[in-house]
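Q: I'm new to this one, so please pick a single spot and take me through it slowly. Then show me how the surroundings fit together.

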Amino acid sequence: MTDVNRCFRLAARPEGMIKDSDFSWQEEAVPELGPGQILVQTLYLSVDPTQRIWSAYDSYLPAVAIGEVMRAGGVGRVLRSNLPDFSPGDLVYGMTGWQTHAVMEPSVRGPRKLPPGTPPTMALSLLGLTGLTAYFGLLDVGRVKEGETVVVSGAAGATGNAVGQIAKIKGARVVGIAGGPAKCAWIKDELGFDAAIDYKAEDVKKRLGELCPGGIDVYFDNVGGAILEAALAHLAMRGRVVLCGSIGDYNNPAGSSGPRNLMNLVIKRGRMEGFLVTDYADRFGEAIGDLARWAAEGRIQDRVDVVEGLENAPAALRRLFTGANTGKQLVKVADG
């Protein structure tokens, strides 16, 4: 067993798009285990837009400190254990960080054992925080009802494609906003969305008016900015806007770019609400049960986009902001 931990530590607060130089590659000795700790070999890392926030400033979690291992969720295999409930060979989920080996101890963020038979990739996508975010955001915050019209931005991304599929399961009509003909074809032809809008080639505001003549009952927002403004312009009476993310603004030095038409919430008696998936931690089991059942029944698909090698973690994170990924972005660190 290796005694070297390879990792990326945060070297600088990013300005604009994430750069390789914002991180420092290190090869270090694997720490000795203390009481109540386990040593995990990282297999897969979750790559999420929020990592851009964590690297830059305090938010719902403190910013990663300069010199600290870059924060990220991951799945790994237990190598050594000083915890009675964990044994070598167990697959676990938790905050591993951008590193090949992580020392973990019980906390709200793990480690947690993967249910038997759960693919490690699915544990970070449909059955991980991605799927849970889609589930609670749409059902609890958006309160979608059968027959309503749901619009989701970032529809070919990790959270967005799950939102659209869950909305279809609940009997809604779904319009997805995505970038490029391939992504639009995927969400429509394979995932069953009723319509798709290519924001790179079409006038989003105009197309929303054409595709949602009765207005938008639920808009699930992953991007913010001009797309959010376009959706607000077509909000149905008592429509709901679910604020999940604002990826379009994360690399903008000037901060948020809008929207300018919030008064439409008053006119339409609408509601706009943000949330964090951790607000629903006590109900994760319920959601995972539903998502796993829908997947087994073939009612929801899980797609992952895997970049090989820990050394490519910064490049994988950039993919989220260039639209290069389809589905859940992961980094494969080691064979399972």
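A: Let's start with a bit of vocabulary: a residue is buried under 20% relative accessible area, exposed over 50% and partly exposed in between, using a 1.4 Å probe and protein chains only. What you see is a predicted model, where local features need pLDDT of at least 70, side-chain atom pairs count only at pLDDT 80 or more, and totals for chains, interfaces and linings use all residues. Residues are numbered from 1 along each chain as its sequence is written, and side-chain values use heavy atoms, leaving out hydrogens and water.

Our spot is Arg283. Because its relative accessible area is 26%, Arg283 counts as partly exposed. You'll find Arg283 in the loop between strand 13 (271-274) and helix 9; helices (H or I, at least four residues) and strands (E, at least two) are DSSP runs numbered from the N terminus. Skipping residues up to four places away in sequence, Arg283 touches Phe136 and Asp140, where contact means heavy atoms within 4.5 Å. Arg283 and Phe136 are 147 residues apart along the chain, yet their C-alpha atoms are separated by 9.3 Å.

Now hop over to Phe136. Apart from neighbours within four places in sequence, Phe136 is in contact with Val141, Val277, Tyr280, Arg283, Phe284 and Ala287. Phe136 also sits in the largest nonpolar core, which has 40 residues, and is one of those touching the most other members, along with Tyr135, Phe136's fellow members Leu138 and Ile166, and also Ile187 and Leu291. Such a core is a set of buried Ala, Val, Leu, Ile, Met, Phe, Trp, Tyr and Cys residues joined through side-chain atoms within 4.5 Å. Elements giving it two or more residues include helix 3 (129-141), helix 4 (158-169) and helix 9 (284-296). Helix 3 has the largest share, 7 residues. There's a second, separate core of 21 residues too, with Leu45, Trp98, Leu310 and Ala316 among them.

Zooming out, the assignment gives domain 1 (4-122 + 303-332) and domain 2 (129-278); such bounds come from an automatic or database domain assignment. Their centres, taken over C-alpha atoms, are 29 Å apart. The contact takes 19 residues from domain 1 and 13 residues from domain 2. Between the two domains, the count of salt bridges is 0, a salt bridge being a side-chain nitrogen of Lys or Arg within 4 Å of a carboxyl oxygen of Asp or Glu. On the side of domain 1 that touches domain 2, helix 1 (50-54) and helix 10 (313-322) each supply at least two residues, and helix 10 gives the largest share, 3 residues.
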